[in-house]
Amino acid sequence: MSDSPRIKARMRFTKTGTLRFLGHLDLMRFFQKAIKRASLDVAYSQGFSPHQLLSFASPLGVGQTTDGDYLDIEFTSPIVPEDVMNALNKELNSEVYITDIELMPEGFKNSMSMLYMCDYVVTAKTSGSFPSDYKSAFERFISQNEIIIHKKTKKSERDVDIKKDIHLYAFDKTSFEKCSGRPLRELHPIYTGDSIYMRLSTESGNTVRPDHVMDAFFAYIGLSAPYPGYGIHRIDMHFKS
């Protein structure tokens, strides 16, 4: 077995269209098969059942779309990112494909441990999914001293104040870019219409999802959240340096 160091890379990918209904494990298999067809020098685990060394930064909910999800992958030999992206995209399709590859420094662990925020856009699928005054209502909702939700995990249930975890919000792309101080990359949202852009905490033990915010918002205005009357699109992720 070679003692040469493995090359670690972070791949940014898009998932839209009908493939938004792929679950986490099915998406992993989808990539594994594409990587194998592309004949890439991917590292494998040791043991009785070797598997490719790849992992997602954060699983995406079934039915949600993304332009900013990330996959960590290890290679056994040096790579040219653009060549790898082109080879892999030939084995993927127009709904799931790689948009960027970044080589990671020596000592890099994984993207999941470095992730701390995600950007989303929540968009009404049909007219009337959001109340006509949703912008002013959301402003009042955000101005509360606290925003309490009931979070359930495999180990516990508890009430949590998520106000501090809603870092940014806006009602259109231009305003969100102004708030965040940088332009967004190309987006492929599947819906157009009434929207809420938001930046939320996404850390181990402290993750807030868009549906948490929307459930709390609709409860605040006395309505039932119209999911799946709205679509959730992940714009990008933010990692610690």
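**Reading burial and salt bridges**

Author: D165 is buried, at a relative accessible area of 2%. That value comes from a predicted model, as do the others discussed here.

Reader: How is the word "buried" to be read, and which charged residue pairs with D165?

Author: A residue counts as buried when its relative accessible area is under 20%, as exposed when it is over 50%, and as partly exposed in between. D165, at 2%, therefore falls in the buried class. Its partner in a salt bridge is K164, with the closest N and O atoms 3.5 Å apart. K164 is exposed, with a relative accessible area of 59%.

Reader: Why can two such side chains pair?

Author: Side chains of opposite charge can pair when their charged atoms come close. In this structure, a search of the whole model finds 12 salt bridges. One of them joins the side chains of R10 and E102, at 4.0 Å from N to O. This pair links distant parts of the chain, since R10 belongs to strand 1 (residues 7–15) and E102 to strand 4, 92 residues apart.

Reader: Is R10 buried or exposed, and how does E102 count?

Author: R10 has a relative accessible area of 8%, so it is buried. E102 has 39% relative accessibility and so counts as partly exposed.

Reader: Where do R37 and E91 lie in the chain?

Author: R37 is in helix 1 (residues 24–37), whereas E91 is in the loop between helix 2 (81–89) and strand 4; the two are 54 residues apart. They form a salt bridge whose closest N and O atoms are 3.2 Å apart. R37 is partly exposed, at 46%, and E91 is also partly exposed, at 26%.

Reader: Which residues are linked in a network of salt bridges?

Author: R12, R185 and D236 are linked in such a network.

Reader: What does S111 touch, leaving aside residues up to four places away in sequence?

Author: Contacts show what surrounds a residue. With residues up to four places away left out, S111 touches R10, A57, D72 and F239. S111 lies in helix 3, and its relative accessible area of 0% means that it is buried. R10 thus appears both among the contacts of S111 and in the salt bridge with E102.

Reader: Where does E106 lie, and how does it count by accessibility?

Author: E106 is in the loop between strand 4 (96–103) and helix 3 (111–114). Its relative accessibility is 85%, so it counts as exposed. The C-alpha atoms of E106 and R10 are separated by 13 Å, and the two residues are 96 residues apart along the chain.

Key
Residues numbered from 1 in each chain as written. Predicted model: local features only at pLDDT ≥ 70, side-chain atom pairs only at ≥ 80, totals over all residues. Heavy atoms only, no water. Helix = DSSP H or I, 4+ residues; strand = E, 2+ residues; numbered from the N terminus. Buried < 20%, exposed > 50% of the residue type's maximum accessible area, 1.4 Å probe, protein only. Contact = heavy atoms within 4.5 Å.
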